[in-house]
Amino acid sequence: QVQLVESGGGLVQPGGSLRLSCAASGRISSINGMGWYRQAPGKERELVAHITSPTSTWYADSVKGRFTISRDNAKNTVYLQTNSLKPEDTAVYYCNAGIVVGPSYSDYWGQGTRVTVSS
């Protein structure tokens, strides 16, 4: 069984920073792409950032220049450094990963970590 566990969310003032982490555990053969999504109240879940390798990253226009995604393959962990946070960044942030377990490949999701940006 594979689990993704996020951490690092919380309440922060506008302009502040948070570092989100997502660790994958279980009988993992390999991990392909990893990404962060977010869902604000009343809105659909949206992709924020994605990484396949250190040189292959993608960001939503709304977070470019403010957020940085990275991964530590030895720890099966993906990070999202969020800087210059705005109230519109308030959402539940979810980690997603494409994971190979034995002969099977599946998408896995974490339980979410809440980020609230407010003064």
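Four strands make up an open sheet in this predicted model, and their order is β1-β3-β8-β7, with antiparallel pairing. At the edges stand β1 and β7 (67-72); each has a single partner strand, so one side of each is left without a neighbour in the sheet. Ignoring direction, neighbouring strands here are turned by 15° against each other on average.

Let's look at the two edges in turn. On one of them, β1 (residues 3-7) is joined to β3 (residues 18-25) by five bridges, and the two run antiparallel. If you want a landmark for that pairing, find Q3, which stands opposite S25 in β3.

Which side chains of β1 are buried, and which are not? L4 and E6 point to one face and are buried, while Q3, V5 and S7 point to the other face and are not. That fits a general habit: in a regular strand the side chains alternate between the two faces of the sheet. Note that Q3, the residue opposite S25, is on the face of β1 that is not buried.

Over at the other edge, β7 pairs with β8 (residues 77-82), again in the antiparallel sense, and this time over six bridges. A handy marker there is I69, which stands opposite L80 in β8.

Now for the rings. What does R45 sit over? The charged end of R45 is placed over the ring of Y94, and R45 also lies over the face of W109. Here are the two distances:

| Charged residue | Ring | Distance to ring centre |
|---|---|---|
| R45 | Y94 | 3.8 Å |
| R45 | W109 | 4.8 Å |

As for rings paired with rings, the count for the model comes to one aromatic pair.

Stepping back to the whole chain, how many helices and strands are there? The tally is zero helices and eleven strands, so reading along the sequence gives the pattern β-β-β-β-β-β-β-β-β-β-β. The radius of gyration is 14 Å, close to the 14 Å that the globule rule gives for 119 residues, so the chain is as compact as a globular protein of that length. Along its principal axes, the C-alpha trace spans about 50 × 30 × 25 Å.

Two more values round out the picture. Buried residues account for 42% of the 119 residues in the chain. Among contacts with a separation of 6 or more, 56% come from residues 24 or more positions apart.

Notes: Residues numbered from 1 in each chain as written. Predicted model: local features only at pLDDT ≥ 70, side-chain atom pairs only at ≥ 80, totals over all residues. Heavy atoms only, no water. Buried < 20%, exposed > 50% of the residue type's maximum accessible area, 1.4 Å probe, protein only. Pairing = 2+ DSSP bridges. Phe/Tyr/Trp six-rings, centres within 6.5 Å; stacked < 30°, edge-to-face > 60°. Lys NZ or Arg CZ within 6 Å of the ring centre and 35° of its normal. Axes fitted to C-alpha atoms, helices over the stretch in contact; angles between N-to-C directions. Rg over C-alpha atoms; globule rule 2.2 N^0.38 Å. Contact = heavy atoms within 4.5 Å.
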